[in-house]
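Q: Please take one enclosed part of this model and describe it closely. Then follow its surroundings outward, as far as they help to place it.

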Amino acid sequence: MEINIGAVQRLASPAPFGLVSVRTPEGKTNLTAVSWWTFASNHPPLVAVCLSKKGLSGELIAQDGEFGLSLVDESLRDAAYACGTCSGRKVDKTEQFGIELREPKLITAPLVERAKVAMECRLESVTDASDHNLFLARIVAVHCREELNQLYAWEGYKRLESIHR
């Protein structure tokens with residue numbers, strides 16, 4: 001039986017879910033939802049994030065050369081999901097959805113406060129991936145709050161849930 005890519009993505013779930021944060025030229029923070037990310041190397045520590053070419057975040061990463069990747073807590077389920085349903089060109093997502101930010105250590109883009117893991121990333125390269133761009137970045141700092149329960153994207157992006165251990 002053959003199936004389409006959307007069905008494959010639903011069957012391959014859950015995927016670790018995060019919010020990518022980038023600084024806008026006006027000094028605000030844009031957030032975008034992402035589950036298309038993966039570790040790419042241990043030495044040096046690299047992460048790969050795949051973002052639509054239509055989105056604001058990809059444009060800002062290409063311009064600024066850095067971003068945060070926050071694996072957010074289940075308390076942000078609704079707000080984090082909403083970040084993937086609207087454009088940062090029209091909505092200030094941190095304000096609209098009440099997402100609290102924290103200052104980073106080595107980059108300019110703030111991180112999400114309620115994140116189990118938050119990675120500060122500096123862009124190494126951008127690769128064309130048809131309707132998306134693949135951003136390869138060096139992880140320059142990591143913050144962890146082990147007590148929080150990270151979200152995962154289930155059935156593609158149909159729902160966000162944590163996995164309690």
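A: For sorting residues by class, Ala, Val, Leu, Ile, Met, Phe, Trp, Tyr, Cys and Pro count as nonpolar, Asp, Glu, Lys and Arg as charged, and the others, Gly among them, as polar. The model is predicted, and the part chosen here is its largest cavity, which holds about 30 Å³ of space. The count of cavities of 30 Å³ or more comes to one.

The lining of the largest cavity consists of Arg102, Val112, Glu113, Ala115, Ala118, His143, Cys144 and Arg145. By class, these residues divide into four nonpolar, one polar and three charged. Val, Ala and Cys count as nonpolar, whereas Arg and Glu count as charged, so His falls among the polar residues. Strands E9 and E10 each supply at least two residues of the lining.

These two strands, E9 (115-129) and E10 (132-144), pair in the antiparallel sense over 12 bridges. One of the facing pairs is arginine 122 and arginine 138, the latter in E10. E9 and E10 form a hairpin with two residues between them. Serine 130, in the loop between E9 and E10, has a positive phi of about 65 degrees although it is not a glycine. At 57% relative accessibility serine 130 counts as exposed, because the cut-off for that class is over 50%.

E9 also runs antiparallel to E6, to which seven bridges join it. Glycine 68 stands opposite glutamate 120 in E9. Strand E6 (66-72), E9 and E10 are among the elements that cover the buried residues of H2, as are strand E2 (18-23), E3 and E5. Those buried residues are Leu56, Ser57, Gly58, Leu60 and Ile61. After H2 comes glycine 65, whose phi is positive, near 80 degrees.

Val112, one of the residues lining the cavity, leads to isoleucine 99. The two are 13 residues apart in sequence and 7.1 Å apart in space, C-alpha to C-alpha. Isoleucine 99 lies in the loop between helix H4 (93-96) and strand E7 (101-102). Its relative accessible area is 5%, so isoleucine 99 is buried. Beyond its neighbours within four places in sequence, isoleucine 99 is in contact with Leu19, Leu31, Ala79, Cys83, Thr94 and Val112.

Cys83 in turn leads to the largest pocket, which has a volume of about 470 Å³. Of the 28 residues that line this pocket, the closest to its centre are Thr32, Ala33, Ser52, Cys83 and Gly84. Strand E3 (29-34), strand E5 (46-52), helix H2 (56-64) and helix H3 (77-83) each supply at least two residues of the lining. E3 gives the largest share, five residues. The classes in the pocket lining are 13 nonpolar, 12 polar and three charged. H2 therefore appears both as a contributor to the pocket lining and as a helix with buried residues covered by E9 and E10, among others, where buried means under 20% relative accessible area.

The cysteines can be treated together. A search of the whole structure finds zero disulfides. For cysteine 83, the nearest cysteine sulfur is that of cysteine 86, 6.5 Å away. Two cysteine sulfur atoms must be within 2.5 Å to count as a disulfide, so cysteine 83 is in none. Cysteine 83 is buried, at a relative accessible area of 1%. Cysteine 121 is in no disulfide either, the nearest cysteine sulfur being that of cysteine 50, 15 Å away. The relative accessible area of cysteine 121 is 0%, which means that this residue is buried.

Some features from other parts of the model complete the account. An open sheet of three strands has the order E1-E11-E12, with antiparallel pairing. Strand E1 (15-16) and strand E12 (159-162) stand at its edges, each with a single partner strand, so one side of each has no neighbour in the sheet. E1 and strand E11 (residues 151-154) are joined by two bridges, and proline 16 stands opposite tyrosine 152 in E11. Proline 14 is found in the loop between helix H1 (5-11) and E1, and the peptide bond leading to proline 14 from serine 13 is cis, with omega near 10 degrees. Another cis peptide bond runs from histidine 43 to proline 44, with omega near 5 degrees. Proline 44 lies in the loop between strand E4 (37-41) and E5, and E5 is one of the elements that contribute to the lining of the largest pocket.

Technical notes:
Residues numbered from 1 in each chain as written. Predicted model: local features only at pLDDT ≥ 70, side-chain atom pairs only at ≥ 80, totals over all residues. Heavy atoms only, no water. Helix = DSSP H or I, 4+ residues; strand = E, 2+ residues; numbered from the N terminus. Buried < 20%, exposed > 50% of the residue type's maximum accessible area, 1.4 Å probe, protein only. Contact = heavy atoms within 4.5 Å. Pairing = 2+ DSSP bridges. 1 Å grid on protein atoms, 1.4 Å probe; cavity = no way out; pocket = protein on both sides within 12 Å on 5 of 7 lines; lining within 4 Å. Points joined across faces, edges and corners; volume = space filled by probe spheres on them.
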